[in-house]
Amino acid sequence: MNRIGIIGAGQMGSGIATVCALAGFDVRLVDRDKDQLAAALKRIKESVARRVARGQIDKARGDKALKLVHTGTAFKALADRDLVIEAVTESEPVKRQVLSDLVPHLGKNTLIATNTSTIAITRLAATTDRPDRFIGVHFMNPVPAMRLVEIIRGIATSDSTFNAIRDFTVRLDKEPVRVEDFPAFIVHRILMPMINEAIYVLYEGVGTMESIDKAMRLGANHPMGPLELADFIGLDTCLVVMQALNDGLADSKYRPCPLLVKYVEAGWLGRKTGRGFYDYSGDTPTPTR
Ligand code: NAI
C-alpha cells in the first residue's frame, strides 16, 4: 500500500494527510472547497515546519513529505489509489453521497476507510460496492500528536482488509486498537458518558464548575477536568456522540444532560466559539455558572 487518497480537507483530513506524507505515502487530498484545500496545505506546511524546528525530523524529510501531498477537487484523481480515507463532514447523508459518487472512480481493489466518529461502519459500507473492503479508521484529534487509532470492522469487513489497515496505521507510527462496530466505538463510549455525568453533577448543584474539574484532576489524576475537556472537544460534538449512544443503545443512562443541550442551543460550543462552560474572552478562562 503506497498511494493514499483522502476526501475532506478539514481538521482531520489535513492531519491524516500530514502523518501519511511524513511516513512516505503518496497523498492526494480532495475537497469540494478550494479554500479548504488551501487552508489544509497551509496547516500541513506549518505542522511539518514545527517538527523540523523541534528537531523531530530533519529538513530534507520535511521537504520530501510536502512534495508527496497533492490536492484537487475531483474524485477521478483517486482512481489509482490503494486506499481512500473519507473524512468529510460528520453527516450521514453527506457521507453516503460522497461514497456513492466516489465508488465508480475507484479500481476494484481499492480499500475504503471512513474516519466517522458516530456513524455505523456497516451501514456506510452498504452504500458501496465493496463492504468487504470497507472499514472504520478513527484517528484522534490532533492527528499528528495522538498515538491511538481505533480500527472498526463492519460486519462484512474481511480479515485481509483489517490486516492491511492495521499494518498501514503501524507504518504511520500509530497504535491501533481493534473495535467492533457499536455506537461511539471505545474511546467516546467511555469518555462522553463521563463528561455528560459531570454536566449532570453541575446541573443538580452537587458541585460548582471549579470543584468538579478540580475533583477529577486531583482525585482521579485526569490531566484536564471533564468540563474543561468538554469545552476543548466542542459541546456540539459531545452532544452528537451522546445522541448517537442514546439512539443506538436505547438505554436511559445515555440521556444527554438538558444543560448540555441548552449550551449547544445557545451556540456556546466551547473554546472554538470563545464560550462554553468557561468564558475564554479574558486572560484566564472563567466559569459561566
Ligand atoms: P471539518 O468540518 O473540519 O472538515 C470537513 C471537510 O469536508 C470540509 O473541508 C468540507 O469542505 C469537506 N466536505 C464536506 N462535504 C464534502 C463533499 N461532498 N465532498 C468533498 N468534501 C466535502 O470536519 P473534521 O473535524 O475534519 O471531521 C471530519 C470527520 O472526522 C468527521 O467524520 C468527524 O466525525 C471525524 N472526526 C473528527 C474529529 C475531531 O475532533 N474533529 C475526531 C475524530 C474524527
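Thr 110 is buried in this predicted model, with a relative accessible area of 3%. The residue is found in the loop between helix H4 and strand E5. Leaving out residues up to four places away in sequence, Thr 110 touches Arg 81, Asp 82, Leu 83, Val 84, Arg 130 and Arg 133. Two of these contacts, Leu 83 and Val 84, belong to strand E4, which spans residues 83-86.

**Strand E4 and its partners**

In E4, Leu 83 and Ile 85 point one way, while Val 84 and Glu 86 point the other way. These four residues are all buried. Strand E1, residues 3-7, runs parallel to E4 and is joined to it by four bridges. Within that pairing, Ile 7 has Glu 86 as its bridge partner. Strand E5, residues 111-114, also runs parallel to E4, again with four bridges. Here Glu 86 stands opposite Thr 114. Glu 86 therefore has a partner in the pairing with E1 and one in the pairing with E5.

How are E4 and E5 connected along the chain, and with which handedness? E4, helix H4 (residues 92-102) and E5 make a β-α-β unit that is right-handed. The loop that holds Thr 110 runs between H4 and E5.

**Arg 81, ahead of E4**

Arg 81 is placed in the loop between strand E3 (69-72) and E4. Is Arg 81 buried or exposed? Its relative accessibility is 3%, so Arg 81 counts as buried, the limit being under 20%. Beyond its neighbours within four places in sequence, Arg 81 is in contact with Arg 3, Ile 4, Gly 5, Asp 26, Val 27, Arg 28 and Thr 110. Among these, Ile 4 also takes part in a polar contact: the side chain of Arg 81 reaches the backbone oxygen of Ile 4 at 3.2 Å. Arg 81 and Asn 2 are 79 residues apart in sequence, yet their C-alpha atoms are 8.0 Å apart in space.

**Leu 29 in strand E2**

Leu 29 lies in strand E2, residues 26-30. With a relative accessible area of 1%, Leu 29 is buried. Its contacts, not counting residues up to four places away in sequence, are Ile 6, Gly 8, Ala 9, Gly 13, Ala 17, Leu 37, Ala 40, Ile 44, His 70, Thr 71 and Gly 72. Gly 13 is 16 residues from Leu 29 along the chain, and the two C-alpha atoms are separated by 7.7 Å.

**Ligand surroundings**

Which residues come nearest to the ligand? Of the 23 residues around the ligand, they are Met 12, Asp 31, Gln 36, Glu 90 and Lys 95. Gln 36 also appears among the polar contacts tabulated here.

| Ligand atom | Protein partner | Distance |
|---|---|---|
| Oxygen | N or O atom in the side chain of Gln 36 | 2.6 Å |
| Oxygen | N or O atom in the side chain of Asn 115 | 2.9 Å |
| Nitrogen | Polar backbone atom of Arg 32 | 3.5 Å |

The contacts with Gln 36 and Asn 115 involve side-chain atoms of the protein, whereas the contact with Arg 32 involves a polar backbone atom.

**Backbone geometry**

Where does the chain contain a cis peptide bond? The bond from Asn 141 to Pro 142 is cis, with omega near -5°. Pro 142 has its place in the loop between strand E6 (134-139) and strand E7 (148-153).

Positive phi values occur at Ala 184 and Phe 185, neither of which is a glycine. For Ala 184, phi is about 70°; for Phe 185, phi is near 60°. Ala 184 lies in the loop between strand E8 (175-180) and helix H7 (187-203), and Phe 185 is found in the loop between E8 and H7 as well. Ala 184 counts as buried at 0% relative accessibility. Phe 185 is buried too, with a relative accessible area of 5%.

**Domains**

The domain assignment divides the chain into domain 1 (3-179) and domain 2 (188-277). Their C-alpha centres lie 28 Å apart. Ala 184 and Phe 185, in the loop between E8 and H7, fall between the bounds of the two domains.

How values were computed: Residues are numbered from 1 along each chain as its sequence is written. This is a predicted model: local features need pLDDT of at least 70, side-chain atom pairs count only at pLDDT 80 or more; totals for chains, interfaces and linings use all residues. Side-chain values use heavy atoms; hydrogens and water are left out. Domain bounds come from an automatic or database domain assignment. Buried means under 20% relative accessible area, exposed over 50%, partly exposed in between (1.4 Å probe, protein chains only). Helices (H or I, at least four residues) and strands (E, at least two) are DSSP runs, numbered from the N terminus. Two strands pair if DSSP finds at least two bridges between them. A crossover is right-handed if, with the strands pointing away from the viewer, the path from the first strand over the helix to the second runs clockwise. Contact means heavy atoms within 4.5 Å. A residue is near a molecule or strand if one of its heavy atoms lies within 4 Å of it. A polar contact is a pair of N or O atoms within 3.5 Å; within protein, one must be able to donate a hydrogen and the other to accept it, and residues adjacent in sequence count only if both atoms are side-chain atoms.
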